[in-house]
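Colleague: I am new to this structure and would like to understand the words used for it. Could you take me through them?

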Amino acid sequence: MSKLVIKGGRRLIGAVKIAGSKNASVAVIPASLLASGESTIDNLPDITDVTTFAEIISDLGAEVSLNRDGRMVINPNGFSSWQAPYELVKRLRASYYLLGVLLAKFGRAEVALPGGCNIGLRPVDQHIKGFKALGAEARLEHGIVKIQADRLKGAPIYLDVVSVGATINIMLAATLAQGVTTIENAAKEPHVVSLANYLNSMGAKVQGAGTDVIRVKGVKSLRGSEHSVVPDDIEASTFMMSSVASAGDVTVTGVIPKHLDPIIAKLREAGAEIQENGDSLRVIGPERPMAVNIKTLPYPGFPTDCQQIFVALMARADGISVVQETIYDNRFGYANELIRMGASVKVDGRTAIVEGVPKLFGAPVRATDLRAGAAMIVAGLSAEGKTEVYGVEHILRGYEHVVDKYRSIGADIVEEKER
Ligand code: UD1
């Protein structure tokens, strides 16, 4: 176990190369299992969610090699199990994508309900609704989702809530179904598009990804392919907000600026100067950010995964921010940690009122989940004195080389063994 020790107050200056997207990676890795041959995935981030998924599919019989440059070669030919037990999947919420993959490949799947971040209820009813519409029987027994179908048949599916996971899972299952599936009210996140592009390169027929109607025409088989994972919009957002929090001048490189539109808009409102140059964004922070309001929404709205980090930024803003969380029912648990640093945050249900204070003070705090961990780093960077962030394992799930990257732009941050 280790902790991050941050001495705040340094202006961050320099450039950071953004890694491949965590959320895209955890979809394209299991998608490779649908092929009848070897696939190569590039630009994978060096994070534990990726290594954990590699271990899971290797335990299920696939041949997997992952090199240090973020290239994974997956040969699914030895892969023959439709069962993914709790011991394997508990460390990774996205392991539920195995449901769609195993169902498409073997006509059955038994996958334990996964773990992941503790940010409120995260049901899978829309995934199940989709599988049932495709002709599968599904039940939950002793924490294991069991689904089975003689033959998956394409069908129209309307999602009651915009769900990234359900959109991706249904897309995965529908690729090898007989006939056409339409997913209405589909999620439009960049990683949904990234997965559709990958599936199409394998021979699938997926249209409309990135809009709210996705059409999948089932094919008989898929071949191995090559894919490069899209840049991580959440990692990029984290460094952009870090720049503003430290009154810094940080350029994030290797990004797709369009994916960052909601962050760019809100940081500009907060007083940042943002210059776009091809695949780079230079973010120059004001001495003190102005308070702005946000409401989390599915893409292209303000991402819930940036809500906690934005609150850490607003904690030191000039004025009062109203932050509405519309995606999760319990994503303000970290607010108590910010309060320990002197922030003034009042939470009422899914709304937080953040009254900006001129100064935060370093304190020992806990990363209660992945993005809360990033919020603690951002708060620590702008605080006076020493902040110790415990629960680093959450942060390492989604941020590669986080200490080195922050140090390279001037942060005083080290990882120390916890006593
Ligand atoms: C994905 C992201 C996660 C992000 C979230 C919302 C990955 C691996 N993770 O998670 O980082 O926070 O999108 O942008 O891509 N819901 C239901 N029933 C379902 C499915 C979802 O009610 O069957 C609800 C959830 O409780 C939540 C909302 O829909 O309130 C959105 O969840 P969803 O988009 O499915 O999140 P994930 O795919 O799990």
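Modeller: What follows is a short exchange about terms and the values behind them. This is a predicted model, in which local features need pLDDT of at least 70 and side-chain atom pairs count only at pLDDT 80 or more, while totals for chains, interfaces and linings use all residues. Residues are numbered from 1 along each chain as its sequence is written, and side-chain values use heavy atoms, with hydrogens and water left out.

Colleague: Why is His-142 called exposed?

Modeller: Exposed means over 50% relative accessible area, buried under 20%, and partly exposed in between, with a 1.4 Å probe and protein chains only. His-142 has 80% relative accessibility, so it counts as exposed.

Colleague: And why does Asn-43 count as partly exposed?

Modeller: Because its relative accessibility is 27%, Asn-43 falls into the partly exposed class. Asn-43 also has a positive phi of about 65° although it is not a glycine.

Colleague: What makes the pairing of Tyr-96 with the ligand a polar contact?

Modeller: A polar contact is a pair of N or O atoms within 3.5 Å; within protein, one must be able to donate a hydrogen and the other to accept it, and residues adjacent in sequence count only if both atoms are side-chain atoms. An N or O atom in the Tyr-96 side chain is 2.8 Å from an oxygen atom of the ligand, and a backbone N or O atom of Pro-123 is 3.3 Å from a ligand oxygen atom.

Colleague: Which peptide bond is cis?

Modeller: The bond joining Tyr-299 and Pro-300 is cis, with omega about 10°.
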